[in-house]
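Okay, everyone, thanks for squeezing me in. Let me put the thing on the screen and then talk you through it.

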Amino acid sequence: MLLPYSFYARDTRLVGQELLGKLLVHKGKEGVTAGIIVETESYMGSNDPASHAARKKTPRNFVMFEEPGISYVYFIYGNHYCFNVVAHVEGIAGAVLIRALEPFLNIKLMMKRRKTDRVLNLTNGPGKLAQALGIERGQNGLSLIKSGLYIEDIGIKTKGIIKSSRIGIKEGKDLLYRYYIKQSPFVSVQ
DNA sequence: GACCAGATTGTCT
DNA sequence: GACAATCTGGTCA
């Protein structure tokens, strides 16, 4: 089942947790790739100092203020893209960073894009999974309900969700907005 | 396996 | 001009 608009139009932290176990699919020119989400981080609006949306709207972060259910892709460290899902209740900003996947469909194409044949090294980090699925600048702002980039519920029941501090940030470390599946070998860091 | 430095560019102050 | 929601490859063990 394709996740509907109503799934995304809720508290960003709740969406971050409920995205675990869902299937992220990207139909690109080279083929379809997909992976099961095993690690996420939620970023809120003005009340979250670690968020891109903590201050005012800019050309880069404005997508986080737009309607829920669209993608937010940004370029970081001169090398990498990070894929986020815009999710928040009406009137505020927020997005969920997808940090790790378990490869599910077309692992061969992921290996080609990532230039490695180690399955455990394909999608265990935000920059890695964007590369493996072929997500970059052109995928910013796409509708996750009406485009070839979307998320499905395939009936996986998750158990053992860990909450922890987010990775790679300076402020807001006291907030436990990182969620991952405890027993998954595909998370970026335990 | 642990630790560390270097890559590389868009974005905002 | 500083620096970032990261990754890789080096060294040492």
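So, let me start with the lining of the largest pocket: by class, that's 15 nonpolar, eight polar and seven charged residues. Before going on, keep in mind that what you see is a predicted model. How much space lies in that largest pocket? About 740 Å³. There are 30 residues lining it, and the closest to its centre are Ala50, His52, Tyr74, Gly168 and Ile169. If you'd rather think in secondary structure, β2 (31–43), β3, β4, β5 and α4 each put at least two residues into that lining.

Hold on to two of those names, His52 and Tyr74, which are among the residues closest to the pocket centre. They come back with the DNA. Look at DNA strand C: 20 residues surround it, and the closest are His52, Tyr74, His80, Asn84 and Arg114. Of the strand C atoms that come within 4 Å of the protein, sugar and phosphate account for 57%.

Now zoom in on the contacts. His52 puts a polar side-chain atom 2.8 Å from a phosphate oxygen of DNA strand C. Tyr74 goes for a base instead: a polar side-chain atom of Tyr74 sits 2.8 Å from a base nitrogen of DNA strand C. And then there's Gly127, where a polar backbone atom is 2.9 Å from a phosphate oxygen of that strand.

Which elements supply the surface near strand C? At least two residues each come from β3 (71–76), β4 (80–86), β5 (95–105) and α4 (126–133). Of the elements, α4 gives the most, with three residues. Compare that with the pocket for a second: β3, β4, β5 and α4 also turn up in the pocket lining, each with at least two residues. By class, the surface near strand C comes out as ten nonpolar, six polar and four charged residues.

Okay, the other strand. Which residues surround DNA strand B? Thr58, Pro59, Arg60, Phe75, Tyr77, Gly78, Asn79 and Arg137. Here sugar and phosphate make up 65% of the strand B atoms within 4 Å of the protein. The class split is three nonpolar, three polar and two charged.

For individual contacts on this side, Tyr77 uses its backbone: an N or O atom there lies 2.5 Å from a base oxygen of DNA strand B. Asn79 uses its side chain, with a polar atom 3.0 Å from a base nitrogen of DNA strand B. On the phosphate side, a polar backbone atom of Arg60 is 3.5 Å from a phosphate oxygen of DNA strand B.

Right, let's leave the DNA and talk about charge pairs. How many salt bridges are there? The count comes to eight. I'll show you three.

Take Arg99 and Glu39, whose side chains meet in a salt bridge at 2.8 Å, N to O. Arg99 is in strand β5 and Glu39 in strand β2, so this pair ties together parts that are 60 residues apart in sequence. Are these two buried or exposed? Arg99 counts as buried, at 8% relative accessibility, and Glu39 counts as buried too, at 0%. They're also part of a network of salt bridges that links Glu39, Glu41, Arg99 and Arg178.

Next up, Lys112 and Glu30, with the closest N and O atoms 3.5 Å apart. Why do I say this one ties together parts apart in sequence? Because Lys112 lies in helix α3 (residues 107–114) and Glu30 in the loop between β1 (23–28) and β2, 82 residues away in sequence. Lys112 is exposed, with a relative accessible area of 58%, while Glu30 is partly exposed at 48%.

The third is Glu18 with Arg10, closest N and O atoms 2.9 Å apart. Glu18 counts as partly exposed at 33% relative accessibility, and Arg10 is partly exposed as well, at 23%.

One last stop, and it's back in strand β2, where you'll find Thr33. Thr33 counts as buried, at 0% relative accessibility. What does its side chain touch? The side chain of Thr33 makes a polar contact with the side chain of Arg113, at 3.5 Å.

If you take one picture away, make it His52: among the residues closest to the pocket centre, and 2.8 Å from a phosphate oxygen of DNA strand C through a polar side-chain atom. That's my tour, thanks.

Note on methods. Residues are numbered from 1 along each chain as its sequence is written. Chains are lettered from A and ligands numbered from 1 in the order in which they are written. This is a predicted model: local features need pLDDT of at least 70, side-chain atom pairs count only at pLDDT 80 or more; totals for chains, interfaces and linings use all residues. Side-chain values use heavy atoms; hydrogens and water are left out. A residue is near a molecule or strand if one of its heavy atoms lies within 4 Å of it. A polar contact is a pair of N or O atoms within 3.5 Å; within protein, one must be able to donate a hydrogen and the other to accept it, and residues adjacent in sequence count only if both atoms are side-chain atoms. Helices (H or I, at least four residues) and strands (E, at least two) are DSSP runs, numbered from the N terminus. Ala, Val, Leu, Ile, Met, Phe, Trp, Tyr, Cys and Pro count as nonpolar, Asp, Glu, Lys and Arg as charged, and the others, Gly among them, as polar. On a 1 Å grid over the protein atoms alone, a cavity is a set of points where a 1.4 Å probe fits but cannot get out, and a pocket is an open set with protein on both sides within 12 Å along at least five of seven lines; lining residues have an atom within 4 Å of a point. Grid points are joined across faces, edges and corners, and a volume is the space filled by probe spheres set on the points. A salt bridge is a side-chain nitrogen of Lys or Arg within 4 Å of a carboxyl oxygen of Asp or Glu. Buried means under 20% relative accessible area, exposed over 50%, partly exposed in between (1.4 Å probe, protein chains only).
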